[in-house]
Amino acid sequence: MISRTDFELSIDRPLPRRRATVADAPALSALTTLGVGGPADVLCRPADARGVRRALAAARAEGSRWRVIGRGSNLVVDDAGVDGWVLDLRRLRALVVQDDGRVVAGAGLPTATLLGETRRRGLGGLECLVGYPATVGGAVRMNAGGRWGVVGARVASVVAIDRVGNVHTFDRAACRFGYRTSALADHVIVEVHLRLPRVDGVAYRRAVEEIHREKASRQPLCLPSAGCMFRNPDGISAGLLVDRAGLKGRRRGGAQISEVHGNFVVNRGGATASDVLGLVDDARSAVARVHGVDLTLEVEIWRRRAT
Ligand SMILES: Cc1cc2nc3c(=O)[nH]c(=O)nc-3n(C[C@H](O)[C@H](O)[C@H](O)COP(=O)(O)OP(=O)(O)OC[C@H]3O[C@@H](n4cnc5c(N)ncnc54)[C@H](O)[C@@H]3O)c2cc1C
């Protein structure tokens, strides 16, 4: 069987005519932190914004759907993979840091690099990004953060490409940041402009280390996961609800509801998406039965469209 999967297709070179076979198809499991999921029809790694526009045009020309993957840390990709094009933006890693606190970061830059490099230059304000893997684009799209603030608060503007290839600059108000949401969902973020405060380096470093320690004591950071599976219903911890419904530690295949934090499903080795999604269903039904609360997913599930 011939699939339309192109391995490591670099879109800044001419599009290859050859399509690889299914056997060559790289599973998206390698591109997600949970480590589950099958291949995409087409996986491409644009090197710059021009490459992103070319990829979108090519997907549009063949009537295919497209999606963007950052660090894959908020995704559960189905075992059958996904239809259409997946744009992996990790090559967009530019970073410019100015002493006055203005920072420009490529969408594919790891947030850990952003945090480290800005801290080295005496800039702070990114405590909200400590303790989890992400790209700058993914974090901004999700308005990632938590108890220590949200990244949207540090954004000055975002450069993003819409589905027909037009480039837009969104100021912070236009991004409409909310709880794990933004108005950037139908766009490909290529560049983020931040405004960061100058800070006392020693105090900031201590604060960052303390947040790391605190997270490591509460979350199963040593095992692959996609972070919290469910949003916290108003004022309640979803993890606590799962825990009190007696689901902590439940296993399906290689997946387990973490014994450390009830809102994390971890991959203990060899987990499949169906193991993970089975546990998600178990947790939802138990919490609905025991607490009368309908949990909403925080992670995104990527599936093939039914044909
Ligand atoms: C151990 C662990 C702890 C976590 N803790 C937290 C936490 O405390 N707070 C929190 O908010 N999250 C947390 N997360 C979840 C996750 O890290 C964040 O949601 C993160 O922002 C996702 O970034 P990403 O680059 O991995 O995006 P992905 O997971 O790859 O993608 C997430 C969504 O963003 C879209 N996207 C990605 N890049 C772009 C782009 N350039 N342009 C447009 N859309 C894009 C994707 O299409 C998808 O819809 C945690 C995850 C893990 C594994």
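## Tour of the ligand site and the domain 1–domain 3 interface

Select Arg180 and the ligand: a polar side-chain atom of Arg180 lies 3.1 Å from an oxygen atom of the ligand, a polar contact being a pair of N or O atoms within 3.5 Å (within protein, one must be able to donate a hydrogen and the other to accept it, and residues adjacent in sequence count only if both atoms are side-chain atoms). The model is predicted: local features need pLDDT of at least 70, side-chain atom pairs count only at pLDDT 80 or more, and totals for chains, interfaces and linings use all residues. Residues are numbered from 1 along each chain as its sequence is written, and side-chain values use heavy atoms, without hydrogens and water.

Next, select Thr135, where a polar side-chain atom lies 2.7 Å from a ligand oxygen. At Gly70 a backbone N or O atom lies 2.7 Å from an oxygen atom of the ligand. Widen the selection to the 34 residues that surround the ligand (a heavy atom within 4 Å); Val68, Gly70, Ser73, Thr135 and Glu300 are the closest.

Now colour by domain: 2–88 is domain 1, 95–202 domain 2 and 220–302 domain 3, with bounds from an automatic or database assignment. Show the contact (heavy atoms within 4.5 Å), which takes 16 residues from domain 1 and 18 from domain 3. Domain 1 and domain 3 bury about 1400 Å² between them, 61% of it on carbon and sulfur atoms; this is accessible area (1.4 Å probe) lost on being put together, summed over both.

Finally, pick Leu34, Asn74 and Val76, which lose the most area in domain 1 to domain 3, together 44% of what that side buries. Ten residue pairs are in polar contact between domain 1 and domain 3, both residues at pLDDT 80 or more.

Definitions and conventions. Buried area = accessible area lost by both parts, 1.4 Å probe.
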